[in-house]
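Trainee: I have not worked with this structure before. Could we go through it in questions and answers?

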Amino acid sequence: SSRPQSMSLMSQCGEEQIAGEYNKHYVTLKQIGKGAYGCVKMAYRRSDRLLAVAKFILKEKVGAAFWTEAPDGRRLPLELSLLMTLEHPNIVRVIDVFENEKYFQMVMEKHGAGMDLFEFIERRPRLDEPLLSYIFRQIGQAVEYLHCHNILHRDIKDENVIIDNKFHVKLIDFGSATYMSKDTLFSTFYGTTEYCSPEVLAGNKYAGPELEMWSMGITLYVLTFLVNPFSDIEDIIQGPLTLPQIVSEDLDQLLRWMLCKDPIHRCSVAQLMAHPWIRQPVAINNYVFQDIVDCDRHEANPEMYFSGSLGSPRSGSLVSLADPLAKERSNPSELV
Ligand code: ADP
Ligand code: MG
Ligand code: MG
């Protein structure tokens with residue numbers, strides 16, 4: 001199946017993307033994932049071989065509403081300045097930022113094996129409700145943190161969440177994000193149609209959090225049933241919500257609350273985080289990643305292939321002196 005695309009999706013990047021100071025500090029590797037993203041590539045730092053992910057942002061594609069001024073007067077894409085200031089265990093960390101004439105080069109930590117939830121779901125994971133709750137509550141924590149700081153992500157969906165082999169997830173892709181304020185309503189939607197709420201698709205202005213909660217609801221539904229709840233725009237606006245399998249009463253109620261067509265009555269992030277289904281106990285150490293989802297040995301145990309501390313705050317995964325880099329050049333699908 002193909003990935004639904006955000007309206008803000010960047011076009012293909014050229015060879016000019018790596019030019020400049022960035023290239024002095026990083027070696028750029030293959031495209032990430034199945035190669036659908038010309039603008040996101042694996043890279044490693046020349047000084048210490050820290051393995052990272054580089055996103056190349058074409059300046060001319062950054063919309064007028066998506067620029068901001070840094071404290072030093074420099075003009076930066078909002079995506080960059082937001083990610084540089086945010087600090088949360090469930091939001092991807094930026095390591096370095098460079099720019100040349102045409103591109104910003106944002107270097108991010110590489111989280112786990114770099115698997116996003118779209119790919120995770122495609123592999124049909126065998127999730128029970130406590131594990132599902134554990135994964136989803138982390139997205140909730142990230143969104144709660146954002147909303148508390150008056151930030152809207154606006155493109156919450158499976159492929160904008162990455163997961164590691166400890167089921168630790170992080171939110172990425174702030175390319176549609178913006179600041180919100182109490183008395184400003186938005187009229188343009190920038191996210192992904194499949195995850196857009198019925199009232200916004202119907203053309204109404206929106207404050208923001210209620211739209212975000214709908215996309216969270218779609219994400220939870222897809223994680224639960226591994227299928228999309230609605231077939232098209234008409235169905236999102238008009239269609240009844242059906243649950244293809246029986247789930248617990250708490251999850252049933254939460255899904256219906258998050259996917260409530262009336263934004264006034266839709267669950268807020270505070271209500272989500274207080275919900276008994278989200279707060280249920282989970283014995284996370286009892287779950288083994290490769291038992292839940294089919295994966296290769298690198299995805300199951302990236303720490304065996306990369307030396308260094310994967311989860312520690314100031315260092316990402318370090319490229320080891322062993323074979324993974326050589327393998328990555330010859331066979332990207334094996335590693336990435
Ligand atoms: P776009 O704005 O084009 O959607 P994203 O920032 O979402 O770009 O990145 C595209 C894809 O690259 C993601 O869906 C994910 O699979 C992968 N990716 C991006 N950043 C990271 C990261 N820091 N670690 C691992 N994978 C990432
Ligand atoms: Mg994305
Ligand atoms: Mg984006």
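Trainee: In which loop does Phe167 lie?

Mentor: Bear in mind that this is a predicted model. Phe167 sits outside the regular elements, and its loop has a strand on either side. The loop is the one between strand E10 (161-163) and strand E11 (169-171).

Trainee: Is Phe167 buried or exposed?

Mentor: A residue counts as buried under 20% relative accessible area. For Phe167 the relative accessibility is 1%, so this residue is buried.

Trainee: What is the phi of Phe167 near?

Mentor: Most residues other than glycine have a negative phi. Phe167 is not a glycine, yet its phi is positive. The value is near 65°.

Trainee: Asn150 also has a positive phi. What is its relative accessible area?

Mentor: The phi of Asn150 is near 60°. Asn150 belongs to the loop between helix H4 (129-148) and strand E9 (151-152). Partly exposed means a value between 20% and 50%. Asn150 falls in that class, with a relative accessible area of 38%.

Trainee: How many residues of E3 are buried?

Mentor: In a regular strand the side chains alternate between the two faces of the sheet. On one side of E3, Leu50, Ala52, Ala54, Phe56 and Leu58 are buried, and on the other Leu51, Val53, Lys55 and Ile57 are buried too. The strand is largely enclosed by the rest of the structure, because the buried residues number 9 of the 9.

Trainee: Over how many bridges do E3 and E7 pair?

Mentor: The two strands run in the antiparallel sense. One of the pairs joins Ala54 to Val107 in E7. The pairing of E3 and E7 extends over 7 bridges.

Trainee: Which residue stands opposite Lys55 in the pairing with strand E2?

Mentor: Strand E2 (residues 40-45) and E3 are antiparallel, with 5 bridges. They form a hairpin with 4 residues between them, and Arg49 in its turn has a positive phi of about 60°. Opposite Lys55 stands Val40.

Trainee: Which strands each supply at least two residues of the shell around ligand 1?

Mentor: There are 18 residues around ligand 1, and those that come nearest are Lys55, Asp116, Glu159, Asn160 and Asp173. The shell holds 9 nonpolar, 3 polar and 6 charged residues. The strands that each give at least two of them are E3 (50-58) and E7 (103-109).

Trainee: How far is an oxygen atom of ligand 1 from an N or O atom in the side chain of Lys55?

Mentor: Lys55 is among the residues that come nearest to ligand 1. A polar contact requires N or O atoms within 3.5 Å. Here the distance is 2.7 Å.

Trainee: What percentage of the exposed area of ligand 1 does the protein bury?

Mentor: A nitrogen atom of ligand 1 is 3.0 Å from a polar backbone atom of Glu109, and an oxygen atom of the ligand is 2.9 Å from a polar side-chain atom of Asp173. Alone, ligand 1 exposes 540 Å². The part that the protein buries is 96%.

Trainee: What share of the residues in the chain is buried?

Mentor: The chain is made up of 336 residues, and its secondary structure comes to 14 helices and 13 strands. Its accessible surface is about 15,300 Å², with 51% belonging to carbon and sulfur atoms. The buried share of the residues is 54%.

Key:
Residues are numbered from 1 along each chain as its sequence is written. Chains are lettered from A and ligands numbered from 1 in the order in which they are written. This is a predicted model: local features need pLDDT of at least 70, side-chain atom pairs count only at pLDDT 80 or more; totals for chains, interfaces and linings use all residues. Side-chain values use heavy atoms; hydrogens and water are left out. A residue is near a molecule or strand if one of its heavy atoms lies within 4 Å of it. A polar contact is a pair of N or O atoms within 3.5 Å; within protein, one must be able to donate a hydrogen and the other to accept it, and residues adjacent in sequence count only if both atoms are side-chain atoms. Accessible areas come from the Shrake-Rupley method with a 1.4 Å probe; for residues, only the protein chains shown count as cover. Ala, Val, Leu, Ile, Met, Phe, Trp, Tyr, Cys and Pro count as nonpolar, Asp, Glu, Lys and Arg as charged, and the others, Gly among them, as polar. Buried means under 20% relative accessible area, exposed over 50%, partly exposed in between (1.4 Å probe, protein chains only). Two strands pair if DSSP finds at least two bridges between them.
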